[in-house]
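Here is a short briefing on a protein model with a bound ligand. Start with the charged pairs, then turn to the ligand site.

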Amino acid sequence: MATGLDGRSVIVTGAGSGIGRAAAVAFAAEGSKVVVADLNAETAEKVVSEIEEAGGTAVAVTGDLSEQAVVDRVTSTAVERFGGVDVLVNNAGIMDRMSAAADVGDAEWERVIRVNLTAPFLLTRAVLPHMLKAGKGAIVNTASEAGLRGSAAGAAYTASKHGVVGLTKNLAVMYRDQGIRTNAIAPGGTATGLAVDIDGEAHGPRALGPYFGNVGRVSEPEEQAAAIVFLASDAASNINGVVLAVDNGWSAV
Ligand SMILES: NC(=O)c1ccc[n+]([C@@H]2O[C@H](COP(=O)([O-])OP(=O)(O)OC[C@H]3O[C@@H](n4cnc5c(N)ncnc54)[C@H](O)[C@@H]3O)[C@@H](O)[C@H]2O)c1
């Protein structure tokens with residue numbers, strides 16, 4: 001399978017941990033030059049070292065991606081260091097408290113929507129001029145099982161991930177004639193650092209009761225990364241606007 005990713009400039013957000021880390025390492029193994037973007041400077045630098053020790057090329061950009069200045073820094077680093085933006089992976093995300101709407105405070109709602117939905121929009125808007133100028137590009141968004149159904153998380157996270165699915169499809173339609181493809185993965189339960197702030201009796205999977213069941217086998221981050229790399233690659237050249245569930249069949253139940 002020819003991925004065509006050798007030498008490409010790739011931005012991966014949330015690349016300091018979990019799915020993003022696995023994706024950054026996988027892109028680097030394909031010969032891509034990777035911008036490792038994350039809130040956590042220590043883990044981002046660690047991933048860059050890991051990639052460099054394996055003979056790859058990467059640079060860390062740290063900061064909160066919900067801030068425009070950080071988004072601009074990520075974009076300009078890709079352009080100045082690696083010559084443009086061929087691939088954008090909007091992967092950084094945070095969990096909610098698994099709460100039903102009546103229990104969601106303003107701060108929780110605003111933060112989850114800001115990080116999970118607004119930040120991917122901001123970064124997409126920032127890289128699009130570069131992709132349009134190049135006449136090509138691939139965007140892969142990390143949605144979630146919670147972007148497909150109402151029984152996988154709380155109100156805020158579920159709304160944010162349905163938003164990511166909507167953004168993905170709209171981008172796919174709006175830019176398909178300009179050579180830019182946008183797809184998403186919808187991970188099921190994956191063994192990462194993603195924290196579920198479960199608040200005792202009222203929240204968490206327990207609040208979703210029997211609807212939360214049938215999750216299936218928990219996946220490894222590398223299994224999610226493989227789907228991200230495929231969707232970003234030339235092997236997926238006619239795939240646009242798809243939300244690929246990587247969930248051991250959870251969404252099929
Ligand atoms: N783990 C799962 O079961 C699962 C399931 C479905 C979807 N997802 C999604 O996968 C994506 C990756 O999460 P993960 O599971 O690898 O978790 P993770 O916590 O291991 O990694 C997320 C990374 O994003 C970074 N991050 C968080 N907020 C940020 C911000 N504002 N700016 C910059 N970086 C920020 C964190 O520092 C962390 O390194 C998320 O979008 C998450 O919603 C995860």
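A salt bridge here is a side-chain nitrogen of Lys or Arg within 4 Å of a carboxyl oxygen of Asp or Glu. The structure, a predicted model, holds eight of these salt bridges.

**Salt bridges**
- Side chains of opposite charge can pair when their charged atoms come close.
- Glu 222 and Arg 21 form one salt bridge, with their closest N and O atoms 3.8 Å apart.
- Glu 222 belongs to helix H7 (residues 221-232) and Arg 21 to helix H1, so this pair ties together parts that lie 201 residues apart in sequence.

**Polar contacts to the ligand**
- At Ile 19, a polar backbone atom is 2.8 Å from an oxygen atom of the ligand.
- At Leu 65, a polar backbone atom is 3.0 Å from a nitrogen atom of the ligand.
- At Thr 192, a polar side-chain atom lies 2.6 Å from a ligand oxygen atom.
- The ligand taken alone exposes 830 Å², and the protein buries 91% of that area.

**Pocket and shell**
- The ligand takes up the space of the largest pocket.
- Three helices each give two or more residues to the shell around the ligand: H1 (18-29), H4 (106-134) and H5 (155-175).
- In total, 27 residues surround the ligand.
- Ser 17, Asp 38, Asn 91, Tyr 157 and Thr 192 are the closest of them.
- By class, the shell has 10 nonpolar, 13 polar and four charged residues.

Technical notes:
Residues numbered from 1 in each chain as written. Predicted model: local features only at pLDDT ≥ 70, side-chain atom pairs only at ≥ 80, totals over all residues. Heavy atoms only, no water. Near = heavy atom within 4 Å. Polar contact = N/O pair within 3.5 Å; in protein donor to acceptor, adjacent residues only side chain to side chain. Areas by Shrake-Rupley, 256 points an atom, 1.4 Å probe, with all protein chains shown as cover. 1 Å grid on protein atoms, 1.4 Å probe; cavity = no way out; pocket = protein on both sides within 12 Å on 5 of 7 lines; lining within 4 Å. Sits in = over half its atoms within 2 Å of the grid points. Helix = DSSP H or I, 4+ residues; strand = E, 2+ residues; numbered from the N terminus. Nonpolar A, V, L, I, M, F, W, Y, C, P; charged D, E, K, R; others polar.
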